[in-house]
Amino acid sequence: MDCSGSTVDLVPADLVQRELGNQVSNTTVIFGPDDSRYNNSTARWSIYERPRIQVVIEPALADDVEYCNENSIEFLAINRGHGSTATLGSFNGIQINMARFRDINIQPSGETAWFGEGVYDGQATEYLWEKGYVATTGACNCVGMLGPGLGGGHGPLEGVYGMISDNFRQLNVVLANGTAITVNETSHADLFWGMKGAGHNFGVVTSFELNIYPRGPDLWHYHKYIWRGDKLDDVFTAFNNFHNNGSTPVNMTVNFGGFQLNTTVSTTDPTIWWTFAYRGTAQEAENLLAPFNAIGSVHEDSGDVPYPGVSIAQGNGENQFICQDNEVRITSTAGLQVYNLTAEHQIYDGFKRRIASNPTLAAGAGILHEGYSTEAVDNKNPDDSAYPFRADHHLMLVQIIIPPGNASIERAAWEWATEVTDQWNGGQPERPVNTYVNYANGYEPVEQVYGHEPWRLERLGALKKVYDPENRFRFYNPIVRGNATMTARYR
């Protein structure tokens with residue numbers, strides 16, 4: 001989660017310590033760039049347009065966060081540091097690290113649990129599974145749970161139970177004026193609507209209550225494939241039949257894959273890789289995967305694991321490549337309903353050209369396609385939350401890791417990322433261009449992120465006037481752009 005507060009003159013860490021030390025809890029620590037803890041505390045998943053952090057505050061109580069609001073200290077509240085939008089690059093101030101807020105308290109009913117703002121996906125999944133429960137989280141173990149949830153929150157169980165935000169019961173929020181409020185269906189119900197899809201714009205969440213569910217099958221099945229590029233038509237035809245435009249079998253919870261350079265298979269052509277996770281037995285899963293098993297692969301791997309092991313089997317564990325911090329990542333994204341084979345051929349061919357013309361660029365690139373079972377997401381009334389794009393059944397993401405400080409490769413990466421996104425969107429000309437807020441790179445227009453219907457933007461704007469009239473929460477893909485408006489790169 002990345003949320004922000006208002007502007008004051010910057011001060012050294014020792015001065016902040018003197019001013020705040022006697023007024024915040026005795027377990028709060030305050031330090032600056034000269035402290036040995038600074039680099040670890042300010043590490044981020046992507047360092048492209050990273051926020052500039054002058055001082056770090058690590059609070060242990062929600063009152064510390066409220067104090068910073070009341071005293072108009074410009075701040076950025078973070079958990080795991082995975083926000084990668086370029087709008088964060090305009091921040092210059094104090095970071096409040098919420099990582100200590102990691103308590104999980106299952107309620108006596110067994111229907112909900114309270115989570116601290118610092119809880120992350122892998123932690124929640126492991127803890128709840130041991131207690132006999134599951135909850136809606138993201139698919140990547142290292143990512144914070146709440147940050148994605150405030151933007152909707154896609155994940156493996158969304159087809160069964162909905163997105164993370166669909167399962168919010170209530171949230172404890174500190175507003176920009178220092179007021180601490182509880183937000184739910186009967187208390188600040190207008191804001192509750194906005195927190196479910198645009199929540200980064202309104203306040204700092206210190207804890208939240210979320211639905212939990214009995215954990216279900218003891219074992220899940222995974223199956224991973226690698227295909228050569230000559231199987232592209234077979235693969236994407238099978239996917240369109242498999243997903244049937246939003247009719248994915250509900251227990252085939254999540255699949256993702258795409259194009260990357262795998263030199264163990266080819267040094268000149270990208271490969272097509274994919275991974276599936278099924279909530280149930282291997283026999284059930286493999287019956288559904290028969291069309292993919294019939295496509296000749298160069299490598300396959302499958303097995304059965306408890307649910308907490310699925311993310312590791314799919315390459316999303318805390319210590320795996322996808323979770324490495326401090327990389328320069330150039331990204332772009334699109335939301336699709338079906339795969340367009342012409343577009344996929346264009347994207348694949350563009351990758352192949354770059355392997356030949358710019359191997360350094362190609363080596364760091366991944367063209368990701370995410371597919372989910374979406375039944376529970378589709379069954380929600382789209383007007384009941386600020387999340388605007390329930391009809392997007394596939395989330396696309398271009399991610400290109402580049403060497404730092406190389407302007408020519410950065411420009412080439414942006415040109416490529418933009419080209420791929422244009423090709424995806426060009427393959428569905430009858431649909432508007434949509435951007436999942438948690439994948440947005442910060443250069444998209446506001447309606448592309450928060451919804452094309454005028455009423456949605458008007459409602460969000462009205463909420464800003466009530467709950468954040470000075471637009472102090474403006475650093476993470478803001479609703480109200482003002483001077484923070486970003487212009488598209490390299491168009």
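Here is a chat between a student and a tutor about a predicted model.

Student: Let's begin with the sheet. Which strand order does the open sheet of seven strands have?
Tutor: Pairing in this open sheet is antiparallel. Going across its seven strands, the order is E16-E13-E15-E14-E18-E19-E17.

Student: Which strands stand at the edges of that sheet?
Tutor: An edge strand here has a single partner strand, so one side of it is left without a neighbour in the sheet. That description fits residues 299-305 and residues 328-336. The two strands are E16 and E17.

Student: By how many degrees are neighbouring strands turned against each other on average?
Tutor: Direction is ignored for this value, and it is an average over neighbouring strands of this sheet. The turn comes to 15°.

Student: Which residue of E19 is the bridge partner of Glu 370?
Tutor: Strand E18 covers residues 365-372 and strand E19 covers residues 394-402. The two run antiparallel and are joined by seven bridges. For Glu 370, the bridge partner in E19 is Leu 395.

Student: And how many bridges join E17 to E19?
Tutor: These two strands also run antiparallel. One pairing to look at is Ile 330, which stands opposite Ile 400 in E19. The number of bridges joining E17 to E19 is nine.

Student: Are the faces of E17 covered or uncovered?
Tutor: In a regular strand, side chains alternate between the two faces of the sheet. On one side of E17 we find Val 328, Ile 330, Ser 332, Ala 334 and Leu 336, and on the other Arg 329, Thr 331, Thr 333 and Gly 335, all buried. That agrees with nine of its nine residues being buried. Both faces are covered.

Student: Now the helices. What angle does the direction of H8 make with that of E15?
Tutor: Helix H8, residues 232-243, packs on the sheet. The strands it touches are E13, E14, E15, E18 and E19. With the direction of E15, the direction of H8 makes about 25°.

Student: Which strands does helix H12 touch?
Tutor: H12 spans residues 341-357 and packs on the sheet too. Its direction makes about 45° with that of one strand it touches, E14. The strands touched by H12 are E14 and E18.

Student: How do H8 and H12 lie, and what word describes H8 relative to H12?
Tutor: Two packed helices are described by the angle between their axes and the distance between the axes. For H8 and H12, the angle is about 140° and the axes are 10 Å apart. That makes H8, relative to H12, oblique.

Student: Which residues in H12 meet those in H8?
Tutor: From the H8 side come Leu 232, Asp 233, Phe 236, Thr 237 and Asn 240. By class, this contact of H8 with H12 has four nonpolar, three polar and two charged residues. The H12 residues are Leu 341, Glu 344, His 345 and Tyr 348.

Student: What about H7 and H17: is the crossing left-handed or right-handed?
Tutor: Helix H7 (residues 189-198) and helix H17 (residues 454-467) pack at about 115°, with axes 10 Å apart. That makes H7 roughly perpendicular to H17. The crossing in which H7 passes H17 is left-handed.

Student: Is Leu 191 buried or exposed?
Tutor: Leu 191 is found in helix H7. Setting aside neighbours within four places in sequence, Leu 191 is in contact with Leu 175, Ile 181, Val 183, Phe 202, Leu 463 and Tyr 467. Buried means under 20% relative accessible area. Since its relative accessibility is 0%, Leu 191 counts as buried.

Student: Is Ala 412 buried or exposed?
Tutor: Ala 412 lies in helix H15, residues 407-426. Beyond neighbours within four places in sequence, Ala 412 is in contact with Asn 358 and Leu 361. Its relative accessibility is 18%, so Ala 412 counts as buried.

Student: Last one: where does Asn 141 lie?
Tutor: At 10% relative accessibility, Asn 141 counts as buried. Leaving aside neighbours within four places in sequence, its contacts include Tyr 120, Asp 121, Ser 311 and Glu 318. Asn 141 lies in the loop between strand E8 (133-134) and helix H5 (146-150).

Methods. Residues numbered from 1 in each chain as written. Predicted model: local features only at pLDDT ≥ 70, side-chain atom pairs only at ≥ 80, totals over all residues. Heavy atoms only, no water. Axes fitted to C-alpha atoms, helices over the stretch in contact; angles between N-to-C directions. Helix = DSSP H or I, 4+ residues; strand = E, 2+ residues; numbered from the N terminus. Parallel < 35°, antiparallel > 145°, perpendicular 65-115°, else oblique. Left-handed = near helix turned anticlockwise from the far one by under 90°. Pairing = 2+ DSSP bridges. Contact = heavy atoms within 4.5 Å. Nonpolar A, V, L, I, M, F, W, Y, C, P; charged D, E, K, R; others polar. Buried < 20%, exposed > 50% of the residue type's maximum accessible area, 1.4 Å probe, protein only.
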